[in-house]
Amino acid sequence: MFHMPRSAAYTNYVLLLIFLVAVFNVCDRTIVSVMVDDIRGDLALDDRQMGFVMGFAFSLTYLLAGIPIARLADRHSRPRIVAAALFGWSLMTALSGAAQNFVQLVLARMGVGLGEAGGSPPCHSLLADYVPQARRARAMSLLSIGALVGMGGGVIYGGWASEAFGWRLALVSVGVPGVVLALVFLLTVAEPARRAADAPGVDEFTGKSLGGVLWQLARTPAFVWLTLGATFVTVVSMGRNFWEPTFLRRVYGMEPAEAGLWYAVISPLPAALGAYLCASITDRLAVRDRRWYGWFPALCALLLVPLSLAFYLAPTDVFVGGIQVGFCFSIAASLVGAAWAPATMAVAQGLVPPSARAVTAATWSMISAFVGQGLGPLLVGDFNMRLEPQYGEESVRWSLAAVSVLPLLAGASYLMLARSLNARPSQ
């Protein structure tokens with residue numbers, strides 16, 4: 001590995017690369033969402049099968065592989081693990097374009113999940129060591145913003161590419177750049193010194209087996225509540241992320257490229273802005289009282305419910321300033337809907353010593369991803385099938401509305417997280 005000076009400029013360079021890894025992590029995962037009808041028609045699939053492809057086919061391997069890979073990251077070189085994971089999921093994304101039937105597509109998406117399981121948790125741990133605690137939520141927001149940029153960019157590019165040269169070549173072309181980025185990450189990112197835990201007290205993690213670390217996490221109330229909160233909100237966000245492009249195509253009558261562009265404008269782009277703004281607010285509030293790591297995402301989760309319902313149920317022929325009224329509600333929902341992630345990442349990394357940071361990140365994120373991405377897209381797809389006889393193409397509107405009430409449970413979980421944190425200011 002090429003070791004560069006640990007200057008402020010180099011730290012910013014590393015943060016940029018971590019941001020790009022997050023972009024590819026979610027782009028390769030969600031690009032299929034704008035191609036649902038194209039893939040379904042080509043491979044003769046239904047909405048329930050597509051929900052499985054976008055959900056459990058990915059999230060099962062993501063869950064099973066994430067924690068063991070994170071254990072390696074807590075003991076070995078994190079940059080090497082991130083580079084290998086990025087190479088693997090990029091290759092499997094390209095291979096997804098060669099699928100000829102449902103089984104082959106499922107296996108390819110499982111491969112994407114296997115690779116992506118090794119990307120995010122080591123990056124959480126790297127960020128915790130590259131930046132001080134007082135700026136941690138803002139640093140962690142790079143992962144959220146990168147994810148949202150990847151989501152928006154993937155949908156825009158996927159919509160255009162699927163129209164221009166088909167969904168197969170679109171998947172191949174988006175997988176190749178990730179291989180190049182993996183090589184750059186491997187050769188230029190250095191392993192930093194590992195910072196001590198934020199919380200005072202006896203270290204209950206260092207020296208324990210993987211099972212011992214997981215058991216200790218299960219006995220930590222703050223970790224349990226942040227995991228529950230992240231899981232409830234992820235069910236909603238994954239259902240929304242994977243089915244909203246189809247919602248725009250079916251309810252608003254858009255073509256793939258148009259749906260991809262509008263989806264990026266009303267969802268990922270405002271969510272990226274919201275992630276940074278909410279992270280900045282959280283950092284400032286937590287300087288005075290750490291419980292704001294729970295209070296602020298709880299407030300935003302509660303606001304998300306009425307805003308989301310207003311978007312899905314808004315009439316398509318009512319405009320405000322030349323834009324559909326529903327789109328205005330979607331932008332507002334996206335701004336507040338991203339508040340939970342930076343706060344959750346920051347709290348999780350501060351709860352444990354360096355020896356357990358990647359495993360901690362993997363545990364809450366893998367659980368929330370498995371339930372959220374596994375259940376969210378599948379629930380919407382299943383509701384679509386059940387409601388289609390009555391509502392036809394509009395069934396996706398009511399399916400998305402049905403799952404949009406779950407942030408109420410997320411809000412309650414984050415309030416409990418706040419109760420489990422002491423009032424000590426962040427440093």
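How many helices and strands are there in the chain? Show the whole chain as a cartoon and you'll find 18 helices and 2 strands. Here helices (H or I, at least four residues) and strands (E, at least two) are DSSP runs, numbered from the N terminus. The radius of gyration is 20 Å, close to the 22 Å that the globule rule gives for 427 residues, so the chain is as compact as a globular protein of that length. That radius is taken over C-alpha atoms, and the rule is 2.2 Å times the number of residues to the power 0.38.

Before you click further: this is a predicted model, where local features need pLDDT of at least 70 and side-chain atom pairs count only at pLDDT 80 or more, while totals for chains, interfaces and linings use all residues. Residues are numbered from 1 along each chain as its sequence is written, and side-chain values use heavy atoms, with hydrogens and water left out.

**Stop 1: helix α6**

Select residues 102–116. Helix α6 has 15 residues and reaches 21 Å from its first C-alpha to its last, close to the 21 Å expected at 1.5 Å a residue (the expected span is 1.5 Å times one less than the number of residues). Now colour its buried residues, among them Leu105, Val106, Gly111 and Glu116. Buried means under 20% relative accessible area, using a 1.4 Å probe and protein chains only. What do they pack against? Show α1 (8–30), α2 (36–43), α3 (47–54), α4 (56–75), α5 (78–96) and α7 (120–130), and you have their partners.

Then add asparagine 101, which caps the N-terminal end of α6. One of its side-chain oxygens lies 3.2 Å from the backbone nitrogen of valine 103.

**Stop 2: serine 141**

Jump to helix α8 (residues 136–188) and pick serine 141. Is serine 141 buried or exposed? Serine 141 counts as buried because its relative accessibility is 1%. Leave out residues up to four places away in sequence, and serine 141 touches Ala275, Tyr276, Ala279 and Pro342; contact means heavy atoms within 4.5 Å.

**Stop 3: aspartate 283**

Next, select helix α12 (residues 268–288), where you'll find aspartate 283. At 2% relative accessibility, this aspartate 283 is buried as well. Skipping neighbours within four places in sequence, its contacts are Ala134, Arg135, Arg136, Ala137, Arg138 and Tyr293. Draw a distance from aspartate 283 to tyrosine 293: they are 10 residues apart along the chain, and their C-alpha atoms are separated by 8.3 Å.

**Last stop: zoom out**

Back to the full view: the C-alpha trace spans about 60 × 40 × 40 Å along its principal axes. Of the 427 residues, 59% count as buried.

How values were computed: Buried < 20%, exposed > 50% of the residue type's maximum accessible area, 1.4 Å probe, protein only. Polar contact = N/O pair within 3.5 Å; in protein donor to acceptor, adjacent residues only side chain to side chain.
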